Amino acid sequence: SSSSSSSISSTMDSMPEEVILPHHVVMNFPLDSAGFLDALRWWPTERPMRVVPNVHLYTFARADNNPILTTTHNNNNDDEEEEEPRTAMEVAIDMVADGLLPEYIATKRRAKYLNQLGCQVRAREVRLVAPGKMVIRVSFRVTRSLIRTMRGDF
């Protein structure tokens, strides 16, 4: 048993001091790429990252046709406000955010929240695939803050 404990400690000593992750991840399955994002929560964060990985995700999106109703809670009063409809790129970013962020974080226009985590979210229209339906590429950085938020570690 002492030999097994010494092999464990020697294995721990030989582990790299920094985490090695891919530089880029391309997710080119527009129908459901965002559905696989929750796997990022299991990437290691205990040690410094050598490189902050970039994810490039392709997804289908349509712009909102109608204004969005949002509810704000103020001192026992619920106020509904109407916001401008989202563009296809904003919808795509929100779909990515759905796969990354816990449900209790606001559900619309979450690029700002992701950027506060250092994600540097960007979106680009790739091509029109049907009337009003676009393929959008959403790119973002997978920061330690994002992974900890995905895990609920604040």
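# A helix across a sheet

In this predicted model, the buried residues of helix α2 are A88, V91, A92, I93, D94, V96, A97, G99 and L100.

Me: Which elements do the buried residues of α2 pack against?
Reply: Start from the buried positions in this helix, including V91 and L100. The helix itself, residues 88-100, lies across β2, β5 and β6. Its buried residues pack against those strands and also against two helices, so the list of partners is β2, α3 (111-116), β5, β6 and α4 (144-151).

Me: At what angle does α2 run to β2?
Reply: Strand β2 covers residues 54-62, and α2 lies across this strand as well as across β5 and β6. The angle between α2 and β2 is about 125°.

Me: How far apart are the end C-alpha atoms of α2?
Reply: Let's predict the span before looking. The helix has 13 residues, and at 1.5 Å a residue they should span 18 Å. The model agrees with that expectation, because the end C-alpha atoms are 19 Å apart.

Me: In what order do the strands of the open sheet stand?
Reply: The sheet has 4 strands, and their pairing is mixed. The edge strands, each pairing on one side only, are β1 (24-27) and β5 (122-130). Neighbouring strands are turned by 25° against each other on average, direction ignored. Going across the sheet, the order is β1-β2-β6-β5.

Me: Over how many bridges do β5 and β6 pair?
Reply: Strands of a sheet can pair in a parallel or antiparallel way, through backbone hydrogen bonds. For β5 and β6 (residues 133-141) the sense is antiparallel. Two examples of facing residues are R122 opposite S139 and A130 opposite K133. The pairing of β5 with β6 runs over 7 bridges.

Me: Which residue takes a positive phi in the hairpin of β5 and β6?
Reply: The hairpin has 2 residues between its strands. One residue there has a phi near 80°, and that residue is G132.

Me: Is S139 buried or exposed?
Reply: S139 sits in strand β6. Without counting residues up to four places away in sequence, S139 touches V55, H56, Q120, V121 and R122. Its relative accessible area is 2%, and buried means under 20%, so S139 is buried.

Me: Which residue's side chain joins that of S139 in a polar contact of 3.4 Å?
Reply: S139 belongs to β6, where S139 stands opposite R122 of β5. The side-chain partner in the 3.4 Å polar contact, though, is R137.

Me: Does V25 count as buried, exposed or partly exposed?
Reply: V25 lies in β1, which is one of the edge strands. Its relative accessibility is 22%, while buried means under 20% and exposed means over 50%, so V25 counts as partly exposed.

Me: How far apart in space are V25 and N54?
Reply: In sequence, V25 and N54 are 29 residues apart. Even so, N54 is among the residues that V25 touches, along with W43, V55 and H56. From C-alpha to C-alpha, V25 and N54 are 6.3 Å apart.

Me: How many helices and strands does the protein chain have?
Reply: Along the sequence, the pattern is α-β-β-β-β-α-α-β-β-α. The chain has 154 residues, and 33% of them count as buried. Its secondary structure comes to 4 helices and 6 strands.

Key. Residues are numbered from 1 along each chain as its sequence is written. This is a predicted model: local features need pLDDT of at least 70, side-chain atom pairs count only at pLDDT 80 or more; totals for chains, interfaces and linings use all residues. Side-chain values use heavy atoms; hydrogens and water are left out. Two strands pair if DSSP finds at least two bridges between them. Axes are lines fitted to C-alpha atoms, for helices over the stretch in contact, and angles run from 0 to 180 degrees between N-to-C directions. Contact means heavy atoms within 4.5 Å. Buried means under 20% relative accessible area, exposed over 50%, partly exposed in between (1.4 Å probe, protein chains only). A polar contact is a pair of N or O atoms within 3.5 Å; within protein, one must be able to donate a hydrogen and the other to accept it, and residues adjacent in sequence count only if both atoms are side-chain atoms. The expected span of a helix is 1.5 Å times one less than its number of residues.
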